[in-house]
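Open the model in your viewer and keep the selection panel at hand. The tour goes stop by stop, each with something to select and something to look for.

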Amino acid sequence: MEHRETMKALVLHGIGDLRYEDVQRLNPGDGEVLLKIKACGICSSDIPRIYTTGTYHFPTIPGHEFSGQIIELGKNVDSDLLGKRAAVFPLLPCRHCAPCEQEAYAQCKNYNYFGSRCDGAYAEYLVVPVWNLILFDDSLDYKIAALCEPSAVSLHAINISQLRAGQTVVVVGAGTIAFLIASFAKNKGAKKVILCGRSREKLAFAESLGFGTINTQEDNVEEATKALLDGEGADIVFECVGKASTAENAIQASGAFGTVVLVGNPEGDMTFEKNVYWKILRQQITVKGTWNSSYNSKVNDWQEALLQMSYVPELFAQLVTQTYSLADFKTAMDTVRDREKFSLKVMFTMD
């Protein structure tokens, strides 16, 4: 490998102050590897993190949806890992708190996290613990493998919902995770899958994948859902935006005894109209929260995601709509932030 003391990275020095610059390249320690980053997605959560709320400290290198090649090993690491391809579970649990003792690592009380609490993968290299590596076959494209994180989050939401074959599903939102949830629901045998959004281009794309669609700018979601489902609400609804209005739409789309799974990160405080709250009570709707993914000895959403990718790589490939180099980060970020431009997953790729 090429030995360098520095590397190129996108460094967040303050809110709205993202810079492409040289930083020190760290070396792997005991139980760690050096990953040469090949692809890193721009998550919708990265946008407020960079431009509105900031990370937990400055400077920080963002980026938590990534894949790469293992090019250097630390001490006590199996030599067979050298040269392998890997995606990475970005959460770094403490391993000592009560949730960690139950392998509920997403609920760790003292966790670290690549790209927000510590440096992430908007960079040429990253040191990663072996425990966090998810190896994948050389035949799988790095860009597809970088979708492992949102795919695992989506599969976790599907599992939380307890979706059964033959049920009807509504997905509120039209981002990457919304499309992944819709696709996984269809693969699991959902009778009908409907995707709700505002972008005509995204809704047209959803229809090309075989989903029903509702334009939330033109249609009443509750009425449109019933029109598509023979007068009934949906059995399961996934809210993938994180706004009060879309959460209300999700509840209104639900049928009696339905389940609403809240997936989207909240943009602010949530308030519901009284009639929406009444619907939860009177129709005995179950509302569930979901966070991150399962990564343990019993349930591993990441391995399942890789399995799904091996079945239908073309589905995942078409979700990556734009790729940019790190140096072109301003154009990449503008693409994600431009609501008038069609994009699903915008990704940085590195040679």
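A residue is called buried here when its relative accessible area is under 20%. Bear in mind that the model is predicted.

**Stop 1: strand E4**

Select residues 65-73, strand E4. Seven of its nine residues are buried, so the strand is largely enclosed by the rest of the structure.

Now add strand E3, residues 32-41. E3 and E4 run antiparallel and are joined by eight bridges. To find one pairing, pick Val33; its bridge partner in E4 is Leu73.

Next add strand E5, residues 85-88. Three bridges join E4 to E5, and these two strands also run antiparallel. Pick Ser67 and look across: its bridge partner in E5 is Ala87.

**Stop 2: Tyr142**

Keep Ser67 displayed and select Tyr142, which touches Ser67. Tyr142 is found in helix H3, residues 142-145. Is Tyr142 buried or exposed? Its relative accessibility is 13%, so Tyr142 counts as buried.

Show the neighbours of Tyr142. Leaving aside residues up to four places away in sequence, Tyr142 touches Lys38, Ala39, Ser67, Gly68, Gln69, Arg85 and Phe136.

Then select Ala317. Along the chain, Ala317 and Tyr142 are 175 residues apart. Their C-alpha atoms are separated by 10 Å.

**Stop 3: the six-stranded sheet**

Move to the open sheet of six strands. Step across the strands in this order: E12-E11-E10-E13-E14-E15. The pairing is parallel.

Which strands stand at the edges? They are E12 (212-215) and E15 (286-289). Each has a single partner strand, so one side of each is left without a neighbour in the sheet. Turn the view to follow the twist, which averages 20° from one strand to the next.

Zoom in on E13 (residues 234-239) and E14 (residues 254-262). Five bridges join these parallel strands. Select Phe238 and look opposite: Val261 in E14 is there.

**Stop 4: helices on the sheet**

Select helix H7, residues 221-228. H7 lies across E10 (168-172), E11 (192-197), E12 and E13. Against E12, H7 runs at about 160°.

Now select helix H8, residues 244-253. H8 packs on the sheet and touches E10, E13 and E14. The direction of H8 makes about 145° with that of E14.

**Stop 5: H8 against H9**

Keep H8 and add helix H9, residues 274-282. Two packed helices are described by the angle and the distance between their axes. Here the axes come within 10 Å and cross at roughly 40°. H8 and H9 are therefore oblique to each other. Their crossing is left-handed.

Show the side chains at the contact. From H8, take Glu248, Ile251, Gln252 and Ala253. From H9, take Asn275, Val276, Lys279 and Ile280. Colour the contact by residue class: four are nonpolar, two polar and two charged.

**Last stop: Gln252**

Stay in H8 and select Gln252. Its relative accessible area is 15%, so Gln252 is buried. What does Gln252 touch, not counting residues up to four places away in sequence? Display Glu222, Asn275, Val276 and Lys279 to see these contacts. Of these, Asn275, Val276 and Lys279 belong to the H9 side of the helix contact.

Technical notes:
Residues numbered from 1 in each chain as written. Predicted model: local features only at pLDDT ≥ 70, side-chain atom pairs only at ≥ 80, totals over all residues. Heavy atoms only, no water. Pairing = 2+ DSSP bridges. Helix = DSSP H or I, 4+ residues; strand = E, 2+ residues; numbered from the N terminus. Axes fitted to C-alpha atoms, helices over the stretch in contact; angles between N-to-C directions. Contact = heavy atoms within 4.5 Å. Parallel < 35°, antiparallel > 145°, perpendicular 65-115°, else oblique. Left-handed = near helix turned anticlockwise from the far one by under 90°. Nonpolar A, V, L, I, M, F, W, Y, C, P; charged D, E, K, R; others polar. Buried < 20%, exposed > 50% of the residue type's maximum accessible area, 1.4 Å probe, protein only.
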